[in-house]
Amino acid sequence: MVHTDKVLISQQVPGVTADCFFRAIGIYLYKPHVVNRKLFGASNLHTFSYRRRGRRQCDSAEHPNESNLDVAGLLAGIKERAAGDMEKIVQSVSSVCQSLGLQDIQAVDGLDLNKLDFEELVKDSGFLVFNRFLPRNLAVFHPLDILAVIDFHSQSVSFVCLQDTENNLTPKFAFSVQINNEQLSICCTDEPSLDEKTCTWLRDVLFQRLIKWIDNNMLQAAVVHSQPSSHKNEDPLLSLSLINDLEAYNRLYSELKSKYGTEMVKMWPETTDPKKYVYEDVAIATYLLLLWKQEREETGSDRLQSFVDIGCGNGLLVYILASEGHDGLGIDLRRRKIWDLYPANVVLKEQPIVPSADALFPDTDWIIGNHSDELSPWIPVLAARSAYRCRYFLLPCCAFEFDGNKFQRQNSGVSQYTDFLRYAREISGVCGFETTIDRLKIPSTKRTCLVGASRTYSEDQFHEYSGKIQTFIDSRVSGSAKGSEANWSEHFRPRESVEKVRNCTKLERSIVDEIVRIVFDALIAKKRMASEFPGKSWNVGGKIAIGDLVALIPKDKLNNLKSECGGLQTLLKNNYQIFQVLDGCVQLRIPTRQGESSRSAEELLKKAKKQKNPRVVNLKEKPCWFYSNHPDGCPFEEQECKFKHC
């Protein structure tokens, strides 16, 4: 631990153990972005293990305090000798450590604090971890090299930034985190570089997160202890675990974001949120480009991989991959507006995919399924049956079965999404793939992907496995119908190419007017004068539950609503200038003057969250419904009313 004279914060943590403490520290050390949104992540540069010199080997005159590791001297010594140059670290670590009474300095490949057996650890041992903290915005910030000294003897971890440059990414001064007698503390030396802003961050952000992580680790340890032994060795899923160089990922993502993302957000013609979809596809493209680069390096090939993106949607992923030199094709059953904006080298086809012998891609290296909906379970199948050397990448979202029906969860103990991931992995295994699972860094809660890059069988068994795959598909499809070469699942039907609008906006105007009048009459029958208009008698009516209003609507009109998949509530919300729908009840919306909002704070908050591309609407062009239909007319004169009196 750093020799300190300033305790920034300290708190009792009853029942805390060494493993819960060090695993919580590991989150900050390897995932610093969870406490600092300016960071992208961390890349490990070097890790060394050490042991303290034993009492018999240690000269007490030379090392009078061998029970207390001089971490401050260690941090200062390495920082001085490295001089910001990581290449000098390997040469300097051994000599600095030995001068401070440490021995057995050995390089370690891949330290994982979650996998350490703390009961078997030698208490006089520890690790020196050199990590590089990677910023999200490389145009503003530079990567920073961090040294962490993990000391099991004092149950502490000390941190120091090896660069002296000004930064807003990590504390500029050395600090340590320690657990002692179930007391968690953050300490630092009282030096000139100490600034109150950083101290506040250590107290209010990092310390509070550490407390939370330790509590979670303690709870998880109790749960795992009660589970069968078969469940205790399941490793947590790490982000970008298949990418060898996180720093390369960070650089490439920054380049692609600048090259494609910024301009694409400005020109985005779709109704979807460009900041989500554009940067998500930039991240997916970054991942695939590096994954494919690693594959070429492993095989010694210089040829860029080809691909087919099934269910390509807006085609942005195809555009980026094609622009980066990969020969590819995007297929979707519905054309998007943005397709017309792409250059000629971006090949996009509007056609449905029916899984069959006619939907194979024997000359394609990779098949991509990025939120491919009802085709998601088919992606491993299409890759497996296209060619022995065809691979796949699947990022599933909505869960479907082979016949196009919604996937039914088999395990009630997990979410449908988690259970579908298990099912997709099972499909991949049946198809003969060595399946790996990874987690992407994208703005989505559903960011787990499956990668099938190699097979579990030899090429001469290819046709044998095609038969096994079809048998499995038939076993998952209800009924006696079996798949054929023309259609591997007899019941599968692709979605219609034209998306039907199902929000009650396509109902005949006469039906809408009749239902609006029925609801309006029921509300004003509960006579109540509005207090908002002094000196005027304006009947605001009462409040009625939607379920009670449904009983007033003729059955044929309700059937019309159901055909639009909207229902009465949707229709009333569409007529928001007349009605207010909150908590399952309906009432008349009290008019407000021009320039005032007639919506509640709750409604405005919901609208702000949903609205992606707000546009200004001139309400004065629309007729005032109350002026023409309310028995008391509109409570405002035309110059005060938001709507037109006519």
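In this predicted model, helices α9 and α10 pack with their axes coming within 9 Å and crossing at roughly 145 degrees. On the α9 side, the residues that do the touching are Y423, E426, I427 and V430, and they meet Y465, K468, I469, F472 and R476 in α10. Sorted by class, this contact has six nonpolar and three charged residues, with no polar ones. The spacing on the helices is no surprise, since an α-helix has 3.6 residues a turn, so residues three or four places apart point the same way.

Taken by itself, α9 spans residues 416-430, which makes 15 residues. From its first C-alpha to its last it reaches 21 Å, close to the 21 Å expected at 1.5 Å a residue. Y417, D419, F420, L421, Y423, A424, I427 and S428 are the buried residues of this helix. Two of these, Y423 and I427, also turn up in the contact with α10. Helix α10 (462-476) is not alone in covering the buried part of α9: the cover also includes α8 (379-386) and the strands β13 (391-395), β14 (433-439) and β15 (448-455). Just past the end of α9, G432 takes a positive phi of about 85 degrees.

As for α8, one of the elements that cover α9, this helix is itself mostly covered, with eight of its eight residues buried. The buried set is I379, P380, V381, L382, A383, A384, R385 and S386, so an arginine and a serine are in there too.

Now for the nonpolar cores. The largest has 50 residues, and F21, I150, F159, F175 and L184 have the most contacts inside it. Helix α4 (residues 196-226) supplies the largest share of this core, nine residues. Another core lies apart from it and holds 45 residues, including W292, Y342, L440 and C449. As a rule, nonpolar side chains in soluble globular proteins tend to be buried together.

Further along the chain there is an open sheet of three strands, in the order β16-β18-β17 and with antiparallel pairing. The edges are β16 (544-545) and β17 (579-582), each of which pairs on one side only. Between β16 and β18 (residues 585-588) the antiparallel pairing runs over two bridges, and I544 stands opposite V586 in β18. Helix α11 (residues 509-524) lies across β16, β17 and β18, running at about 80 degrees to β18.

Conventions
Residues numbered from 1 in each chain as written. Predicted model: local features only at pLDDT ≥ 70, side-chain atom pairs only at ≥ 80, totals over all residues. Heavy atoms only, no water. Core = buried A, V, L, I, M, F, W, Y, C linked by side-chain atoms within 4.5 Å. Buried < 20%, exposed > 50% of the residue type's maximum accessible area, 1.4 Å probe, protein only. Helix = DSSP H or I, 4+ residues; strand = E, 2+ residues; numbered from the N terminus. Expected span 1.5 Å × (residues − 1). Contact = heavy atoms within 4.5 Å. Pairing = 2+ DSSP bridges. Axes fitted to C-alpha atoms, helices over the stretch in contact; angles between N-to-C directions. Nonpolar A, V, L, I, M, F, W, Y, C, P; charged D, E, K, R; others polar.
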